[in-house]
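I opened the notebook to record what I looked up, entry by entry. The salt bridges come before the surface and the interior.

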Amino acid sequence: MQDKTILVEQRSGYRVITLHRPQRLNAFCEAMQQELRRAVDEAEADPDCRALLITGYGRAFCSGQDLNERVGKDGKTLVSGSALDTYYNPLIRKLRALPFPVIAAVNGIAAGAGANVALACDIVLAARSASFTQAFIRIGLMPDCGGTWFLPRLVGPARARALAFTGEPLPAEKAEAWGLIWKAVDDGMLLEEAHKLCRHFASAPAVALALTKRALDESWSNDLDTQLDLERESQREAGLSPDFAEGAQAFLQKRPPVFMSRRE
Ligand code: T3D
């Protein structure tokens, strides 16, 4: 029987997925893609799951596509656009569409698709020793997994071009300073911080969080008028949720709120 390529842990109110192929720096192979898809689908289907934490085992977060699967026995490279259609693009779309926050805890090297899967998460925490590398150009490929979309939006066109054209690693602290990620933290604190964040989301107002995630994503392609309309409709929905009644009453009664709404 093949070893598991990911570890899945169910915590109270959230799930943890750990990429687990340390001998290859957690590179994505087909089995891992399939297990990851199943684990993310199961998290989505679980109404008690209110956050998802993705991290890597060992010294890397993920080194991107396993290149052993892209070179045939005869030494010829396999053209692989279909992997984007079958696995990578659906994964990125799913991470963006999940109705709860996805947190990447980048514990080490994040290269190629590994870097861009992290950037597709809602909140990226990274260990100070971690780095983000658009490794594609070094092997004659171009950024995928949304890299050409996320990079310019997060760090601006000048930095996006340099990162994508050179494939130079960007250390976590610089990634934070450039706005690529939320926070760089001491290596020993990474998982503690990430779990703290997930516990926070596990008791946060789920409907408002889902609506906020969607509105922030849609803002990239909306003009201000459209966005204001979206906010009005979304706020109406948030206002009708039991969480708003609880949040407002708790404030007035000077007590901490207990948000109970379940995800749709
Ligand atoms: O085809 C499609 O599906 C299109 C989609 C493409 C998406 C992509 O992600 S393309 C980009 C693929 N990734 C890379 O090009 C990165 C390749 N790896 C590296 O450049 C380096 O490993 C790192 C810079 C990430 C780390 O370097 P270093 O010196 O710290 O570690 P290392 O010694 O290179 O790696 C350790 C082991 O992991 C080593 O195996 P060994 O020699 O101990 O048996 C290495 O071969 C293996 N490894 C690391 N990355 C990959 C890998 N094996 C297969 N595929 C990898 N991506």
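**Entry 1: arginine 128 and its partner.** I am working with a predicted model. I looked up arginine 128 and found 35% relative accessibility, so it counts as partly exposed, the class between under 20% for buried and over 50% for exposed. Its side chain meets that of aspartate 186 in a salt bridge, 2.7 Å from N to O. I then asked where the two residues lie. Arginine 128 is in the loop between β7 and β8 (131–133), and aspartate 186 is in the loop between β10 (183–185) and α7 (190–202). The pair therefore ties together parts that are 58 residues apart in sequence. For aspartate 186 I noted a relative accessible area of 43%, which makes this residue partly exposed.

**Entry 2: aspartate 122 and arginine 96.** I looked for the number of salt bridges and wrote down 17 for the structure. One of them joins the side chains of aspartate 122 and arginine 96, at 3.0 Å from N to O. This pair links distant parts of the chain, 26 residues apart. Aspartate 122 sits in the loop between α3 (113–119) and β7 (123–127), while arginine 96 belongs to helix α2 (residues 81–97). I read a relative accessible area of 27% for aspartate 122, so I entered it as partly exposed. I also found that Arg96 and Asp122 belong to a network of salt bridges that takes in Lys213 and Asp217.

**Entry 3: a pair within one helix.** I turned to arginine 232, which forms a salt bridge with aspartate 229. The closest N and O atoms of this pair are 3.3 Å apart. How are the two placed in helix α9 (residues 224–240)? They are three residues apart, so about one helical turn separates them. Arginine 232 has 43% relative accessibility and counts as partly exposed. Aspartate 229, with a relative accessible area of 39%, is partly exposed.

**Entry 4: aspartate 46.** Is aspartate 46 buried or exposed? I found 13% relative accessibility, so I put it down as buried, since the cut-off is under 20%. Aspartate 46 is located in the loop between α1 (30–45) and β3 (52–56). Its side chain makes a polar contact of 3.0 Å with the side chain of arginine 15.

**Entry 5: a nonpolar patch.** On the surface I looked up a nonpolar patch formed by Leu67, Ile139 and Leu141. Together these residues have about 270 Å² of accessible area. I checked leucine 67 and placed it in the loop between β4 (60–62) and α2. Leucine 67 has a relative accessible area of 43%, so it is partly exposed.

**Entry 6: the cavity.** How many cavities of 30 Å³ or more does a search of the whole structure find? The search gives one. I noted about 30 Å³ of space in the largest cavity. Which residues line the largest cavity? I listed Leu119, Phe132, Gln134, Leu151, Leu163, Glu168, Leu170 and Leu180. I followed up leucine 119, which lies in helix α3. With a relative accessible area of 6%, leucine 119 is buried. I also looked up the separation between the C-alpha atoms of leucine 119 and glycine 146, and entered 8.5 Å. These two residues are 27 residues apart along the chain.

Technical notes. Residues numbered from 1 in each chain as written. Predicted model: local features only at pLDDT ≥ 70, side-chain atom pairs only at ≥ 80, totals over all residues. Heavy atoms only, no water. Helix = DSSP H or I, 4+ residues; strand = E, 2+ residues; numbered from the N terminus. Buried < 20%, exposed > 50% of the residue type's maximum accessible area, 1.4 Å probe, protein only. Polar contact = N/O pair within 3.5 Å; in protein donor to acceptor, adjacent residues only side chain to side chain. Salt bridge = Lys/Arg side-chain N within 4 Å of Asp/Glu carboxyl O. Patch = residues over 30% accessible without salt bridge, like charges linked within 9 Å, V, L, I, M, F, W, Y side chains within 5 Å. Areas by Shrake-Rupley, 256 points an atom, 1.4 Å probe, with all protein chains shown as cover. 1 Å grid on protein atoms, 1.4 Å probe; cavity = no way out; pocket = protein on both sides within 12 Å on 5 of 7 lines; lining within 4 Å. Points joined across faces, edges and corners; volume = space filled by probe spheres on them.
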